[in-house]
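Good morning, and thank you for coming. Please take a moment to look at the sequence and the structure before I begin.

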Amino acid sequence: MNVIVITGGSRGIGASAALHCARRGMGVILTYNDNLAAAQGIVRRITEEGGKAVAQKLDVGAPATFSVFRDDVAQVLNDVWSQGVISGLVNNAGFGLYNPLSDVTEDQFDRLMNVHLKGPFFLTQALLPLMGDGASIVNLTSATTRVATAGVAPYAAFKGGLEVLTRYMAKEFGVRRIRANAVSPGAIRTELGGGLTSDFEALLASQTALGKVGEPDDVGRVIAMLLADEGQWINAQTIEVAGGYVI
Ligand SMILES: NC(=O)c1ccc[n+]([C@@H]2O[C@H](COP(=O)([O-])OP(=O)(O)OC[C@H]3O[C@@H](n4cnc5c(N)ncnc54)[C@H](OP(=O)(O)O)[C@@H]3O)[C@@H](O)[C@H]2O)c1
């Protein structure tokens, strides 16, 4: 069975991706950082719909824990699915932080870097031995890599780094037919950075050709497509999923 690891699968885009993957018949190992109850809620929904999912705790900003996480994933794969490989990894977990470039502290910079760039790099490296040939990696980046948005400079810079890293993953893992793509959302209605105020949402909607902000499912189903057979010949791409943001 195709089993996918999705980081930050307890809420928002990751939770939607987990549900869409399960509806396509994939098994899901979804991770959470703090919110066990939300993660269990997504596992319950998948189970009620006839799918199979497991929630695992993981701090994506703590690479020293990744080898233990890999062992836990191997154990879960064996216990729940009686197999030893995963067929996909979604590096989705993240948080938002607004601060003008002039005021960003070294601590804020480091926390953003750890979760949005260093974490995906070393988590992918750690899980590589469990990835089957032909697996698919999806990295969540952001339309802020294309459209400069005041207050998110380090976040956008690390997402840009992740887009570059995506192409290197595709280059180096292609020998095993492992694909890597980035999905770059525009403004999506989630709890990221404390959620959207109504004024900010109106501004973002006015800058979007389709006249509104997106919903988690707008992105979740694209992620699931990239992990499924339809995505088999899509590789090394950044796919913006933003309704036509600032065009
Ligand atoms: N929403 C947008 O407008 C938007 C736009 C562009 C890009 N993105 C990107 O899309 C991804 C998902 O964002 P979202 O909007 O769905 O966010 P969200 O609703 O705030 O959910 C964030 C998820 O990431 C997890 N998480 C946060 N920090 C973590 C850490 N240190 N280690 C492990 N997990 C952690 C959370 O776990 P807990 O539930 O346990 O806290 C939660 O599952 C992020 O990479 C974000 O940068 C979002």
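Which residue in S6 is the bridge partner of Val138? The partner of Val138 in S6 is Asn181. Before I go further, I should say that we are looking at a predicted model.

Let me stay with Asn181 for a while. This residue belongs to strand S6, which covers residues 179-185. Is Asn181 buried or exposed? Asn181 counts as buried, because its relative accessibility is 0%, and the cut-off for being buried is under 20%.

Asn181 also makes polar contacts through its side chain. The side chain of Asn181 reaches the backbone nitrogen of Ala236 at 3.2 Å. A polar atom of that side chain also lies 2.9 Å from the backbone nitrogen of Gln237. If we set aside the neighbours within four places in sequence, the residues in contact with Asn181 include Ile137, Val138, Thr166, Leu226 and Ile234. Asn235, Ala236 and Gln237 are also among the contacts of Asn181.

Now let us widen the view to the whole strand. How many residues of S6 are buried? The count is 7 of its 7 residues, and S6 is described as mostly covered. Both faces of the strand are covered. On one side are Arg179, Asn181, Val183 and Pro185, and on the other are Ala180, Ala182 and Ser184, all of them buried.

S6 has pairing partners as well. Strand S5, residues 131-140, pairs with S6 in the parallel sense over 5 bridges. Strand S7, residues 238-241, runs parallel to S6 and is joined to it by 4 bridges. In the pairing with S7, Pro185 stands opposite Val241.

I return to Ala236, whose backbone nitrogen we met a moment ago as a partner of the Asn181 side chain. Where is Ala236 found? Ala236 sits in the loop between helix H7, residues 216-227, and S7. Ala236 counts as partly exposed, because its relative accessibility is 26%. Its phi is near 65 degrees, which is a positive value in a residue other than glycine. As background, most residues other than glycine have a negative phi. Val246 also has a positive phi, near 50 degrees, and is not glycine. Val246 is found in the segment after S7 and is partly exposed, with a relative accessible area of 37%.

Next, I turn to another part of the chain. Strand S2, residues 27-32, and strand S3, residues 53-57, pair in the parallel sense over 5 bridges. Within this pairing, Leu30 has Ala55 in S3 as its bridge partner. Together with helix H2, residues 36-48, these two strands make a right-handed β-α-β unit. Ala37 lies in helix H2. Ala37 counts as exposed because its relative accessible area is 55%, and the cut-off for exposed is over 50%. The C-alpha atoms of Ala37 and Ser10 are separated by 8.4 Å, although the two residues are 27 residues apart along the chain.

Ser10 brings us to the ligand. Which residues come nearest to the ligand? Of the 30 residues around the ligand, they are Ser10, Asp34, Asn92, Tyr155 and Thr190. A polar side-chain atom of Arg11 lies 2.8 Å from an oxygen atom of the ligand. A polar backbone atom of Leu58 is 3.5 Å from a nitrogen atom of the ligand. For Lys159, a polar side-chain atom lies 2.9 Å from an oxygen atom of the ligand. On its own, the ligand has 900 Å² of accessible area, and the protein covers 93% of it.

Lys159 leads to my last residue, His116. The side chain of His116 makes a polar contact with the side chain of Lys159 at 3.1 Å. His116 is placed in helix H4, residues 106-127. With a relative accessibility of 2%, His116 counts as buried. Its side chain also reaches the backbone oxygen of Phe95 at 2.9 Å. Apart from neighbours within four places in sequence, His116 is in contact with residues including Ala93, Gly94, Tyr155, Phe158 and Leu162. Tyr155 is also one of the residues that come nearest to the ligand.

To close, I would ask you to keep two residues in mind: Asn181, buried in the model, and His116, whose side chain contacts that of Lys159. Thank you for your attention.

How values were computed
Residues numbered from 1 in each chain as written. Predicted model: local features only at pLDDT ≥ 70, side-chain atom pairs only at ≥ 80, totals over all residues. Heavy atoms only, no water. Buried < 20%, exposed > 50% of the residue type's maximum accessible area, 1.4 Å probe, protein only. Polar contact = N/O pair within 3.5 Å; in protein donor to acceptor, adjacent residues only side chain to side chain. Contact = heavy atoms within 4.5 Å. Pairing = 2+ DSSP bridges. Right-handed = clockwise from strand over helix to strand, strands pointing away. Near = heavy atom within 4 Å. Areas by Shrake-Rupley, 256 points an atom, 1.4 Å probe, with all protein chains shown as cover.
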